[in-house]
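Me: I have a model open at the bench and would like to know what lies behind the labels people put on its residues. Could you take me through a few of them?

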Amino acid sequence: MDSSFTITPRFSIKILEKALRLYTPSLSEKPMAEYLADKCDDLGFENIHTDEVGNLIAQIGSGSPRVLLCGHMDTVPGKIKVRKEGDYLYGRGASDAKAPLIAMLLAAATLQKNNGTIIFVGAVDEEGNATGIKNLAKQKLDIDYAVFGEPSGIRNVTIAYKGRIAINLKINVGDSAHASAPWLAKNAIEESMRFSQELKHHLEENQEGKSKGMMLTCTITEVKGGDSHNVTPKECTTTMDIRIPVTMNVKMVGEKIASKVTELANKYGVEAMYSVIDETEPFEAPMNSPLVRAFTLGVMEVERARPALIRKTGTGDMNIIGSLWNVPVVTYGPGDPHASHTIDERVSMSEFLRGIEVIKNTLHHLKRLHDSKKDS
């Protein structure tokens with residue numbers, strides 16, 4: 001890195017602000033990839049390139065450990081005027097997840113030679129179908145640790161995410177009738193409502209006393225049915241999003257769904273079919289890995305407090321990589337997760353700057369802990 005180049009707080013905020021001015025909903029991330037490539041070049045990264053799906057990949061540093069720092073470049077749709085108010089910087093992606101992404105970029109840029117190798121990735125389509133991370137997972141990146149940038153708040157380190165099964169449940173009642181004589185046929189929308197409520201109840205029952213992070217939840221997210229305003233519907237499709245805690249797995253929940261759907265179809269005398277549109281296994285990273293220890297030290301130095309290790313109710317990219325590559329992973333980043341996807345998405349600038357420091361310290365501790373683990 002050019003010695004005349006210092007990463008000041010003002011410079012850091014400016015980089016984030018410019019990133020927020022680029023509107024990059026899922027699968028339209030190219031301006032952000034070009035911007036990051038440009039910044040990586042300025043900051044002394046090497047081997048800067050985009051892969052076949054558009055992920056930006058760059059490398060800095062040398063030696064071991066090899067650490068993946070992966071954030072996503074896309075945001076949910078909806079523009080928000082980029083502006084500063086007090087300590088807050090507003091903009092789409094301010095929290096989810098351009099602040100974590102830029103914090104990782106700037107922390108990595110300060111790494112001295114032989115203190116480890118950072119593979120920095122700006123991934124595409126995290127808010128969509130995870131095209132970016134799925135493609136990354138296919139590449140053999142040979143890494144020792146992985147950190148995923150999502151807003152956890154800088155005093156929280158995310159070690160677990162729920163898994164997910166999303167299904168389309170299609171109910172067909174075989175016939176329709178004129179709406180003036182509704183007794184002549186079953187109504188697919190009504191049958192569907194009853195059916196999906198019972199399925200939801202079956203999946204969610206007997207969970208008294210469990211924390212939200214350890215509960216199975218089943219949420220109806222879309223309903224499509226009916227062809228005409230005066231004809232009873234013959235078919236109705238309900239989409240259900242089921243989140244799976246780390247105490248269960250996709251197969252267990254899949255079997256529960258299958259047997260209940262068969263039972264309810266017989267009970268109500270309707271034809272019921274379902275298709276799985278997405279499945280991700282739940283994932284929990286080991287709490288005692290050098291990575292979690294390094295983050296604990298990194299947070300304590302900046303915040304003077306131990307971070308909380310949290311289990312999130314959402315589903316994240318680390319599920320995919322953590323399960324596949326079998327390396328220690330965490331998810332971390334400045335920002336308020338509750339501000340994500342909202343109309344006044346924002347990030348505290350002081351928290352963003354402290355987040356950079358935490359990641360910088362963490363990388364430093366990780367080198368030491370990794371080397372002592374190797375020597376022992």
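Reply: Happy to; this is a predicted model, and we can go through the labels one by one.

Me: Which residues does the UniProt annotation "binding site" cover?

Reply: According to the unreviewed UniProt entry, they are His72, Asp96 and Glu150. They are spread over 79 residues of sequence, yet they cluster in space, with a largest C-alpha distance of 8.5 Å. Of these residues, His72 and Glu150 are included in the lining of the largest cavity.

Me: Why is Asp96 called buried?

Reply: Asp96 has a relative accessible area of 6%, and buried means under 20%, so Asp96 earns the label. You will find Asp96 in helix H3, residues 94–108.

Me: And what makes Glu150 buried?

Reply: The same cut-off of under 20% applies. Glu150 has a relative accessible area of 12%, so Glu150 counts as buried too. Glu150 sits in the loop between strand S7 (145–149) and strand S8 (156–161).

Me: How do you know that the side chain of Asp96 makes a polar contact with the side chain of His72?

Reply: The distance is 3.1 Å, and a polar contact needs N or O atoms within 3.5 Å, so the pair passes on distance. The side chain of Glu150 also makes a polar contact with that of His72, at 3.1 Å.

Me: Why is the pairing of Lys224 with Glu222 called a salt bridge?

Reply: Their closest N and O atoms are 2.5 Å apart. The limit is 4 Å between a side-chain nitrogen of Lys or Arg and a carboxyl oxygen of Asp or Glu, so this pair qualifies. In general, side chains of opposite charge can pair when their charged atoms come close.

Me: What makes Lys224 exposed and Glu222 partly exposed?

Reply: Lys224 has a relative accessible area of 51%, and exposed means over 50%, so Lys224 falls in that class. Glu222 is at 39%, which lies between the 20% and 50% limits, so Glu222 is partly exposed.

Me: How do you know that Asp371 and Lys367 are separated by about one helical turn?

Reply: Because they are 4 residues apart in helix H9 (residues 349–375). Their side chains meet in a salt bridge, 3.0 Å from N to O. Lys367 is buried, because its relative accessible area of 16% is under 20%.

Me: How many salt bridges does a search of the whole structure find?

Reply: The search finds 22. There is also a network of salt bridges linking Arg164, Asp241, Arg243 and Asp278.

Conventions. Residues are numbered from 1 along each chain as its sequence is written. This is a predicted model: local features need pLDDT of at least 70, side-chain atom pairs count only at pLDDT 80 or more; totals for chains, interfaces and linings use all residues. Side-chain values use heavy atoms; hydrogens and water are left out. UniProt positions are given in the numbering used here, feature names are shortened, and annotations may be inferred rather than shown by experiment. On a 1 Å grid over the protein atoms alone, a cavity is a set of points where a 1.4 Å probe fits but cannot get out, and a pocket is an open set with protein on both sides within 12 Å along at least five of seven lines; lining residues have an atom within 4 Å of a point. Helices (H or I, at least four residues) and strands (E, at least two) are DSSP runs, numbered from the N terminus. Buried means under 20% relative accessible area, exposed over 50%, partly exposed in between (1.4 Å probe, protein chains only). A polar contact is a pair of N or O atoms within 3.5 Å; within protein, one must be able to donate a hydrogen and the other to accept it, and residues adjacent in sequence count only if both atoms are side-chain atoms.
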